[in-house]
Amino acid sequence: MAGLIINSPYEEPARHWHYDRPSQQFILLSARRPAGYLLATPGSRNFADPGIFVAIALVNQLRARVKAWRTDRENPYAGVSGITRRLLAYWHTGAERQYPFFFAQLEAIETLIWLTEAPLAQRLGVQVPSDGGKFARWCVKMATGTGKTVVMAMLIAWQILNKLAYGQDKRFSKSILVVAPGLTVKNRLQSLRLAQKDNYYERFDIVPPDLRSQLHQGRVMIHNWQALSWDGERQFIRRNSVDKRGPKSDEAYAAAILKDAEKSRNLLVINDEAHHAWRMPASRSTVKLTNNETANVTKWIASLDRIHSARGIRTCFDFSATPFIPSGKENSTETIFDWIVSDFSLNDAIEAGLVKTPRMLVRHDGCGSTQDQRRFYQIYHDPEVKNDLKRRAKPHEPLPELVVASYHLLGKDWLETDKAWKAAGQPVPPVMITIANRTETAARVKYAFDHGKIGSAELCVPDKTLHIDSRVLEQAEAQTTIPVLQEQAEWLRCCVNTIGQAGEPGESIQNVISVKMLSEGWDARTVTHIIGLRAFSSQLLCEQVVGRGLRRMSYDVDPETGLLEAEYVNIFGVPFTFMPHESGDSLPPPPTKPAVRIEPLAERAQLAIAWPQVIRIERLRRLELLLDFERLEPLVLADTLTKCQRLIPKWRVQQALFVEASSFVAELPPQWSAYKELLVGQLICLVEKFLTAKYCTIAPQPFDLAEESRQLVFLRNMRTIIRHVWEATRFESSETSSPVFDRSWPMRSTSDVVGWCTKEPCRPTKKSQLNLYRHDNEQEANMVAEFENCPLVAAWAKNDRLGFEIVYRSAGFIHKYFPDFLLRFSNGNLLVLAVEKASTGQDQAKLGTLAGWVEAVNNHGGLGFWQWAVIPFPSNGLSELLEQAYQGDCDRSGKTTVIVSSFYL
């Protein structure tokens, strides 16, 4: 079956491949796949058994509710707080993000928000089952590679910011405890720490810039569950320690775990890889683990029970790709978590291209028989293979013929992949993984590779082959290794966790042999081939093994289809007939493309461009008094006090002017009542201009009339002067605009831009504070060259994730407009330049709003002189436009310059 990627990763899945049991084929259906999982068909021993689909009713119910809540045209996201609404709007700004959030991520966080903040009327009939404990647990099921760690960061930001804004709201918490299954996952989750360099909140732009400082007021604690373990009374006695204080109380235990947040209450807990954290089901027979294994997995939740007893856990959020409790040979309805509230399955991830596409590939130029490819689906089920691999054989004993043939075929494809990667300059090799059934089988495979008995010669390099000692790796993950083996265990863990990373201990590894599934959280992106030499009797095991090779290397979108470009992992020995997969001959998976970082340079601070953050524009109606001095008749005042030698301070005249003007306006007819305060100020200004302009004379006027005497005459005749000016005034009604700024961050600058990486073509800059600009086409490059070479332009910046946006309304909906460039000229004038390829129906609305934005900002008077322009694509007359903008030619209103090319006239 070809073309598995059928949905955009950024939109709700609209189609899915449905397995039709009668025809044993996959059929493309135009609908979203229901949430659910597969159970083995009762009594079936067929290795190609597609299983029975069981729907997860709660998830399907919540999907419909959350979608209706999200898409409500009258009141989307009803009931949420102001902080939550702002975060949701920010998360949905996909066009201007370096990393737009996947639909799977947005749906997961929106479901958790809906369960917390949606109106009670909308949540009627929804009941999340309990796990049997005293605190609530909600599980988010997300396939490997769909970005659940980013959802955790979104969850943390949502909780902390709401708690800081609404301190008494018990639905939120600013103290977060994150629990991991081992040291590898714990180290990976350090990106959730608020003070961590290059944390996820900044890398994925999760929080609006003005709220990032507030986020640091929260507390995020990260532990692997082994660090939560404690000594019970029996273990304490067996330790035979000199410490006779006895086991810790719940209060002392919580204080020791929470440390700097020891006084925090109403905690929020996040369990990563939560399928390791469960309570013992009522029927102990459904779980087939040893007593030691049972103690380990149940102690995780028991530790949280102690913390809840002392501090209180508001909600526990579980994240897992496979939230099942291990049980025997088959999955049963008792083993899946009942509290799953959101599900984005592995099949959904494959169809959205979020993970590599699995395929059963046999190259035409490979050796060995390809007539019966079904044998390669599950090699272990072949009678000869199964009987041979179950025994305790010596390392040097030969492997079964089918196993050797499998390695030979995969080795040929691995070799072609390796050649393609080297030709593309990829610094690390592709990786093949073997999952064996027992240590003896793994040792035989390692011996065969070391002695060149299987696969290609290039793959049989002992120094590039890693044979994992599962016992040592587990001890390293739990940090329980004895001191003698500590160095060996840590080296193994570091080597395993850095496979595929240039400059790290595991960079040269190309062949990995293991008995178990490798460590949780292992996210090597260079896995291209997997072979399973063990029994796979459940969907859980298949997903866990296949998931080790599904992380993508690149997230480039095909510009023609809008879908992610396919990457592949070739698999033998895993019966993944339950999921869509491809087969046939194809090119090897491409290597990842190099990325460059675009960021502002501190040494170019003089090239920074600042702009106001305008959240809206207010239109103000103004009644204006005008006085025509050319038609004003002179006023002659009688000099009756020339002999008075008293000094009259100037402020006495101004005080009298204010009192008399206020009194005069108060006596006006009722129709002026709405404007009286405005008229007082304007009338005072006109009278002052009248007196200053010498339109008022004093008669008889002696030659030596002092200024103090003139002030006294004005003081005694102020009422007459005001009436004379009033009679010569006329009224004009005008409308003006005023910007309303974002109080939390009124001004932004190119210096505030958070650096981001891109694999698209970029070019260096000279007059921009940003070191590079993303190069879209040659026409744009010609424009940038004009900016760089024009002596009138002092600085420029491409509006690519700068955060400069114009909010406008069109057809009843709110939109955001991102003009293409900001320019500052050597005389200080500023220009907003838009480049448009074609005129659309929204142009009039967005350009009208841009013109209003410029006018309002110029009316403010303290933000520089702004202009705006639109130029067609390809650009014509750019030099003339820049010269005109430099001159700052104003329109008749004198408020703003509007430069619009003939393209829009």
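For these notes, a cavity is a set of grid points where a 1.4 Å probe fits but cannot get out. I needed that first, since the second largest cavity came up early: about 50 Å³ of space lies in it.

**Entry 1: the second largest cavity**

I'm working on a predicted model, so every value below is computed from it. I pulled the lining of the second largest cavity and got Leu 194, Asn 199, Tyr 201, Glu 202, Arg 212, Leu 215 and His 216. Two elements give two or more residues to that lining, namely helix 7 (200-203) and helix 8 (212-215). Sorted by class, the lining residues come out as 3 nonpolar, 2 polar and 2 charged.

**Entry 2: the largest cavity**

How many cavities of 30 Å³ or more does the structure hold? I count 3. The largest has a volume of about 70 Å³. Around it I find Ile 598, Trp 756, Thr 765, Ser 768, Leu 770, Leu 772, Tyr 773, Arg 774, Lys 798 and Asp 800. Which element gives the most to this lining? Strand 27 (residues 772-774) does, with 3 residues. The class split here is 5 nonpolar, 2 polar and 3 charged.

**Entry 3: whole-chain numbers**

I stepped back for the overall picture. The chain has 26 helices and 34 strands. Its length is 905 residues, and 53% of them count as buried. I also looked at contacts between residues at least 6 apart in sequence: 75% of these join residues at least 24 apart.

**Entry 4: nonpolar cores**

Next I went through the nonpolar cores. The largest has 112 residues. Which of its members touch the most others? My list reads Trp 69, Trp 91, Leu 192, Ile 206, Val 220 and Ile 270. Helix 5 (residues 148-165) supplies the largest share of this core, 11 residues. Apart from this core lies another one of 30 residues, including Val 832, Leu 847, Leu 863 and Val 870.

I picked Ile 206 for a closer look. Leaving out residues up to four places away in sequence, Ile 206 touches Leu 87, Tyr 90, Trp 91, Phe 101, Val 150, Ala 153, Met 154, Ala 157, Tyr 200 and Tyr 201. One of those partners, Trp 91, is also on the list of members that touch the most others. Another, Tyr 201, I had already met in the lining of the second largest cavity.

**Entry 5: salt bridges**

The salt-bridge count comes to 37. I opened three pairs.

Arg 32 and Glu 107 meet through their side chains at 2.8 Å, N to O. Where do the two sit? Arg 32 is in the loop between strand 2 (25-29) and strand 3 (36-39), while Glu 107 is in helix 3 (residues 103-117), so I noted a link between distant parts of the chain, 75 residues apart. Buried or exposed, for Arg 32? Arg 32 is buried, because its relative accessible area is 16%, and the cut-off for buried is under 20%. Glu 107 counts as buried too, at 5% relative accessibility.

The side chains of Glu 273 and Lys 148 form another salt bridge, at 3.5 Å, N to O. Glu 273 lies in the loop between strand 8 (267-272) and helix 12 (291-310) and Lys 148 in helix 5, so this pair ties together parts that are 125 residues apart in sequence. Both ends count as buried: Glu 273 has 8% relative accessibility, and Lys 148 has 10%. Helix 5 is familiar from the previous entry, as the element giving the largest share of the 112-residue core.

The third pair is Arg 391 with Glu 397, at 2.7 Å, N to O. Here I got partly exposed for each end: Arg 391 has a relative accessible area of 33%, and Glu 397 has 22%. I also followed shared partners, and these join Asp 131, Arg 137, Arg 279, Asp 305 and Asp 318 into one network.

**Entry 6: Glu 855**

Last lookup of the day was Glu 855, which lies in helix 25 (residues 843-860). Why does Glu 855 count as buried? Its relative accessibility is 19%, and buried means under 20%. I then checked Glu 855 against Ile 617: their C-alpha atoms are separated by 9.8 Å, although the two residues are 238 apart along the chain.

Technical notes. Residues numbered from 1 in each chain as written. Predicted model: local features only at pLDDT ≥ 70, side-chain atom pairs only at ≥ 80, totals over all residues. Heavy atoms only, no water. Helix = DSSP H or I, 4+ residues; strand = E, 2+ residues; numbered from the N terminus. Buried < 20%, exposed > 50% of the residue type's maximum accessible area, 1.4 Å probe, protein only. 1 Å grid on protein atoms, 1.4 Å probe; cavity = no way out; pocket = protein on both sides within 12 Å on 5 of 7 lines; lining within 4 Å. Points joined across faces, edges and corners; volume = space filled by probe spheres on them. Nonpolar A, V, L, I, M, F, W, Y, C, P; charged D, E, K, R; others polar. Core = buried A, V, L, I, M, F, W, Y, C linked by side-chain atoms within 4.5 Å. Contact = heavy atoms within 4.5 Å. Salt bridge = Lys/Arg side-chain N within 4 Å of Asp/Glu carboxyl O.
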